Amino acid sequence: MALDPSFIGRSYPPTEPYEVGREKIREFATAIGDANPAYTDPEAAKALGHPDVIAPPTFPFVITYRAAGQVVEDPELGLDFSRVVHGDQKFTYTRPVRAGDRLSVAVTIDNIKSLAGNDVLTVRGEVTDGTGEHVVTSVMTLVARAADEAGE
């Protein structure tokens with residue numbers, strides 16, 4: 001059953017703050033294989049004009065994906081997560097994520113459409129710091145695959 005497009009524009013409450021730690025940034029940079037010293041060395045980050053280490057550009061996925069769970073788990077929307085694949089991800093920055101940031105994410109359903117029987121859901125996450133300053137916008141596309149003829 002297709003998702004109801006009347007959910008377009010539905011917003012969800014901001015998440016509890018996530019405190020970005022140096023170690024989490026280092027672990028993420030190591031996991032993606034990026035040895036940029038601005039991610040691990042406070043002095044290298046300061047030489048680039050940052051107050052502390054910064055996170056790789058895809059780091060906000062850690063918190064925006066979790067925040068998108070509010071959409072995925074919304075019983076009124078009726079999304080079958082067992083059929084969902086991650087289709088696309090984009091980030092638009094105001095400034096880099098920094099160690100010490102306390103980030104919250106407010107998510108909104110930006111679009112719902114049906115393509116070849118698949119539901120395509122676009123979820124926008126507005127990431128702000130503890131002062132309310134915008135840090136990054138995440139746009140995630142989720143695809144709920146259509147059931148085959150056997151209903152699977």
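The legends below describe close-up views of a predicted model.

Local features need pLDDT of at least 70 and side-chain atom pairs count only at pLDDT 80 or more, whereas totals for chains, interfaces and linings use all residues. Residues are numbered from 1 along each chain as its sequence is written, and side-chain values use heavy atoms, with hydrogens and water left out.

**View 1. The open sheet.** Five strands (E in DSSP, runs of at least two residues, numbered from the N terminus) form an open sheet in the order 1-3-4-5-2, with antiparallel pairing. Strands pair if DSSP finds at least two bridges between them. Strand 1 and strand 2 stand at the edges with a single partner strand each, so one side of each has no neighbour in the sheet. Strand 2 is joined to strand 5 by 9 bridges; Lys90 has Val139 in strand 5 as its bridge partner.

**View 2. Helix 3 across the sheet.** Helix 3 (helices are DSSP runs of H or I, at least four residues) lies across strand 1, strand 2, strand 3, strand 4 and strand 5, and runs at about 55° to strand 3. The angle is taken between N-to-C directions, from 0 to 180 degrees, of axes fitted to C-alpha atoms, for helices over the stretch in contact. Buried residues of helix 3 (under 20% relative accessible area, 1.4 Å probe, protein chains only) include Ile63, Ala67 and Val71. The buried residues pack against strands 1 to 5, contact meaning heavy atoms within 4.5 Å.

**View 3. The largest nonpolar core.** This core (buried Ala, Val, Leu, Ile, Met, Phe, Trp, Tyr and Cys residues joined through side-chain atoms within 4.5 Å) has 37 residues. Ile25, Phe59, Val71, Leu77, Leu79, Ile109 and Leu121 have the most contacts inside it. Among the elements that give two or more residues to the core are helix 1 (22-32) and helix 3 (61-72). Beyond its neighbours within four places in sequence, Leu121 contacts residues including Leu3, Val71, Ile109 and Met140.

**View 4. Arg95 in the loop between strand 2 and strand 3**. Arg95 is buried, at 7% relative accessible area. Its side chain makes a polar contact of 3.0 Å with that of Asp101 (a pair of N or O atoms within 3.5 Å, one able to donate a hydrogen and the other to accept it; residues adjacent in sequence count only if both atoms are side-chain atoms). Outside four places in sequence, Arg95 is in contact with Asp101, Asp129, Glu133 and Val135.

Definitions and conventions: Buried means under 20% relative accessible area, exposed over 50%, partly exposed in between (1.4 Å probe, protein chains only).
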